[in-house]
Amino acid sequence: MKKTIFLDRDGVISKYYPGDWTKKWKEFSFLPGVKDALEKLTRANYQIVIISNQAGVSKGLFGLKALRKITKRMKEELRKSGGRIKKVYYCPHQDEDNCSGRKPKVGLFKKAEKDLGYINFEQTFFVGDSEIDILAGKNIGTKTILVLTGKIKSKEETKNWQKQLDYVTTDLPSAVEIILNPPSS
Ligand SMILES: [Mg+2]
Ligand SMILES: [Zn+2]
């Protein structure tokens, strides 16, 4: 059975724009080392699932069509370097829409399980760049890794968070090292 890995998109895979969104493919840029890291995970027989809040859609900044195009190009680019994305789930809503898929809620994780079959969440990781990601991971019961390539720039900033995260590391490539060679506790 394939092992599953959950990833946030902006700030983990691609460049994060503070206070803004990736509205079209031209604005999408892969963070350093991400392509190789996802190739490694793919080769290690992980199925990679992306779970991403994209409230810019609900705010009218870009449409679902643009989002689908970005997803298609992203997957194509990754595939060229040997990385395969199994599923990409977006929540296009904002808080006031009260959607059960919007992280830190776990609707999209459950949707993934419905689509892919049983997932032992305790054995999986969620890699994200924000407190909301860490909360979402905790809410569904994954292990959590915070990377510092997005919203959060230092471990210091996580001091007063409600939930304890499992790992903080520099970027996705180093998160993948943790996933493939978990430090023994
Ligand atoms: Mg993010
Ligand atoms: Zn939603």
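**Close-up views of a predicted model**

**View 1. Strands β1 and β2 run parallel and are joined by five bridges.** This is a predicted model, so please read each view with that in mind. One pairing to look for is I5 of β1, whose bridge partner in β2 is I48. Between the two strands the chain passes through helix α1, and this β-α-β crossover from β1 to β2 is right-handed. Strand β1 is mostly covered, with four of its five residues buried.

**View 2. Strand β1 also pairs with β4.** Here three bridges link β1 and β4, and the two strands run parallel. To find your way, start at F6, which stands opposite F126 in β4.

**View 3. Strands β2 (residues 46-53) and β3 (residues 85-91) are parallel and share six bridges.** The chain gets from β2 to β3 by way of helix α2 (residues 64-80), in a β-α-β crossover that is right-handed. Two pairs make handy landmarks: I48 stands opposite I85 in β3, and S52 has Y90 of β3 as its bridge partner.

**View 4. Six strands make up an open sheet in the order β3-β2-β1-β4-β5-β6, with parallel pairing.** Strands β3 and β6 stand at the edges with a single partner strand each, so each has one side without a neighbour in the sheet. From one strand to the next, the twist averages 20°. Helix α4 (residues 131-140) packs on this sheet, where it touches β4 and β5, and its direction makes about 170° with that of β4.

**View 5. The largest nonpolar core has 45 residues.** Which residues have the most contacts inside this core? They are I5, F6, L7, V127 and L172. Strand β2 gives the core its largest share, five residues. Take a moment with L7: leaving aside residues up to four places away in sequence, L7 touches V12, I13, I48, I50 and V127. As general background, nonpolar side chains in soluble globular proteins tend to be buried together.

**View 6. Helix α5 (residues 172-180) has four buried residues to pick out: L172, A175, V176 and I179.** These residues lie on the same side of α5, because they cover an arc of only 100° around the axis. What covers them? The cover includes β1 (3-7), α1 (34-43), β4 (125-128), β5 (143-147) and β6 (167-169). L172 is also one of the residues with the most contacts inside the largest nonpolar core.

**View 7. In helix α3, the buried residues are L108, F109 and A112.** Seen down the axis of α3, they fall within an arc of 105°, so they line one face of the helix. Their packing partners are β1, β2, β3 and α4. Just after α3 comes G117, with a positive phi near 95°.

**View 8. G107 lies in helix α3 (residues 107-116).** Is G107 buried or partly exposed? G107 counts as partly exposed, because 17 other C-beta atoms lie within 10 Å, while a buried residue has 20 or more. Not counting residues up to four places away in sequence, G107 touches S100 and G101. For a sense of scale, compare K35: G107 and K35 are 72 residues apart in sequence, and their C-alpha atoms are 27 Å apart in space.

Key. Residues numbered from 1 in each chain as written. Chains lettered and ligands numbered in written order. Predicted model: local features only at pLDDT ≥ 70, side-chain atom pairs only at ≥ 80, totals over all residues. Pairing = 2+ DSSP bridges. Right-handed = clockwise from strand over helix to strand, strands pointing away. Buried ≥ 20, exposed ≤ 12 C-beta atoms within 10 Å, placed from the backbone. Arc of directions from axis to C-beta. Contact = placed C-beta atoms within 7 Å. Axes fitted to C-alpha atoms, helices over the stretch in contact; angles between N-to-C directions. Core = buried A, V, L, I, M, F, W, Y, C linked by C-beta atoms within 7 Å.
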